[in-house]
Amino acid sequence: MLRPQLTDALKKAVLAKDTVSVTTTRLILAALKERDIAARGEGNTDGISDDDIQGLLQSMVKQRRESIEMYSKGNRPELAAQEAAEIVVIERFLPSQMSDDEIEAAVKDTVSDMGATCLKDMGRTMATLREKYSGCMDFGKAGLVAKKLLG
């Protein structure tokens, strides 16, 4: 489902002469091809799944956010702006992310549903959150909320 979306987006970006979208989409497709080749070595001839592609995209966003932070500290606003523009392009292919309030509500609901009471339950709580909200929740933020609730 995501593969055709990516190739269509590349075609549209080329026709629109949108250089940021073209370069970012090519980076995504290159990383996807690299992962597909690695998957072939494990016997998967169809390539990686849409869930794996979403994970790839999320890691690309995370890398760019870290780069923005480093560029901002290094007084390189032009590079930080470029990374931010790439994030906008990558996020087009991801499901909409939950807000901080939605994350907090989801963690509270999960903790109460599971009957979790202490930090020992943190692993089970995070595993349940990953099952329910894969692709749309920032699990770094969710982990902080869960730690606060359980600790």
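Which elements are included in what covers the buried residues of α4? Among them are α2 (19-41) and α3 (50-73).

## About the model

What you're looking at is a predicted model, where local features need pLDDT of at least 70 and side-chain atom pairs count only at pLDDT 80 or more, while totals for chains, interfaces and linings use all residues. Residues are numbered from 1 along each chain as its sequence is written, and side-chain values use heavy atoms, with hydrogens and water left out.

## The overall picture

The protein has 7 helices and 0 strands (DSSP runs numbered from the N terminus: H or I with at least four residues for helices, E with at least two for strands). Its C-alpha trace spans about 55 × 45 × 25 Å along the principal axes.

Of the contacts (heavy atoms within 4.5 Å) with a separation of 6 or more, 61% link residues 24 or more positions apart. The protein has 151 residues, and 34% of them are buried (under 20% relative accessible area, with a 1.4 Å probe and protein chains only).

## A look at α4

Helix α4 takes in residues 77-91, 15 in total. From first C-alpha to last it reaches 21 Å, close to the expected 21 Å at 1.5 Å a residue (that expectation is 1.5 Å times one less than the number of residues).

So who's tucked away here? Ala-80, Glu-83, Glu-86, Ile-87, Val-89 and Ile-90 are the buried residues in α4.

Methods:
Buried < 20%, exposed > 50% of the residue type's maximum accessible area, 1.4 Å probe, protein only.
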